[in-house]
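Colleague: Please take me closely through one part of this model, the sheet and what packs on it, and then set that part against the rest of the chain.

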Amino acid sequence: MRARPRRLAGSGGGMAAAGGEGMRTEQEPDSDGGSEELVLTPAQLIRSLEQAWLNEKFAPELLESKPEIIECVVEQLDHMDANLKRAKKGDLKVSVHHMEIERIRYVLSSYLRCRLVKIEKFFPHVLEKEKSRAEGEPSILSPEEFAFAKEYMANTETYLKNVALKHMPPNLQKVSLLKSVPKPNLDSFVFLRVLERQENILVEPETDEQREYTIDLEEGSQHLIRYKTIAPLVASGAVQLI
């Protein structure tokens, strides 16, 4: 279910001091015909960005796209810049807010770069997953990322054909990028912090002598665990990769 960002006047943390606006996300109508709205303060918006950034940075696979967060953060940065231009020169608050703007821009840029790196690394699998996505299931790509991935794959195929494949025997001139490009390693281990208590999490055995077992994840606890075991919890926001 996608959220549509909507501007909402308000006050909040350091970001609001410069931008003075929060974020309202209006959800699509639910099953009973109503709609659900969620209002985020500027501080909550930045925490959402930082959580998406850390999860993307440490997850071995490309995670769900967060275009509504990106759009609202960019909008907030524009308002902060506009307000700083109207502020008195020499005011200490101006320097503090300027550093905050640069910090947020760094997090945003790092988040987007991390996603592009994964798209380039796993592009056939990313496009295949997007192609097989069920109706109503969240997309892992924004429209811009989807266009980039398709162009990257087309350019890669053209390059391989012109540089290598056309010089090979006819029976070797076809290559499956889906089979040639490695998949994300979902069996890799990740560190996480539990944000919401979880019970009966099934853990796969590490050796043939072991059996499957379940564990409880207490709120605030930290763990080192196989990524695919907790991938659904990362998607739901119940845990935070660190």
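Modeller: What follows begins with the sheet, moves to the helices on it, and ends with a ring cluster elsewhere in the chain.

This is a predicted model, in which local features need pLDDT of at least 70 and side-chain atom pairs count only at pLDDT 80 or more, whereas totals for chains, interfaces and linings use all residues. Residues are numbered from 1 along each chain as its sequence is written, and side-chain values use heavy atoms, with hydrogens and water left out.

The chain's secondary structure comes to 7 helices and 8 strands, where helices (H or I, at least four residues) and strands (E, at least two) are DSSP runs numbered from the N terminus. An open sheet of 3 strands has the order β7-β4-β8 with antiparallel pairing, two strands being paired if DSSP finds at least two bridges between them. The edge strands are β7 and β8, each of which pairs on one side only, and the twist from one strand to the next averages 40 degrees. Such angles run from 0 to 180 degrees between N-to-C directions, with axes as lines fitted to C-alpha atoms, for helices over the stretch in contact. Between β4 and β7, which run antiparallel, there are 5 bridges; Leu192, for example, has His223 in β7 as its bridge partner.

Helix α2 packs on the sheet by touching β4 and β8, and its direction makes about 60 degrees with that of β8. Helix α7 also packs on the sheet, touching β4, β7 and β8, with its direction at about 120 degrees to that of β7. Contact here means heavy atoms within 4.5 Å. In α7, which covers residues 227-236, the buried residues are Tyr227, Thr229, Ile230, Ala231, Leu233 and Val234; buried means under 20% relative accessible area, exposed over 50% and partly exposed in between, with a 1.4 Å probe and protein chains only. These buried residues of α7 pack against α2 (42-58), β4 (189-194), β5 (198-203), β6 (213-217), β7 (222-226) and β8 (239-241). Just after α7, Gly237 takes a positive phi of about 85 degrees.

For the chain as a whole, 35% of the 242 residues are buried. Of the contacts between residues at least 6 apart in sequence, 65% join residues at least 24 apart.

Away from the sheet, ring pairs link Phe123, Phe148 and Tyr152 into a cluster. Rings of Phe, Tyr and Trp (its six-membered ring) pair if their centres lie within 6.5 Å, and planes under 30 degrees apart count as stacked, over 60 as edge-to-face and the rest as tilted. By this rule the count comes to 3 aromatic pairs. In one of them, Phe123 and Tyr152 are edge-to-face, 5.1 Å centre to centre with 70 degrees between the planes. Phe123 lies in helix α4 (residues 92-131) and Tyr152 in helix α5 (residues 143-163), so the pair ties together parts that are 29 residues apart in sequence. Phe123 is buried, at 5% relative accessible area, whereas Tyr152 is partly exposed, at 29%. Phe148 and Tyr152 form a tilted pair, 5.9 Å centre to centre with 35 degrees between the planes. Both lie in α5, 4 residues apart, about one turn of the helix, and Phe148 is partly exposed at 25%.
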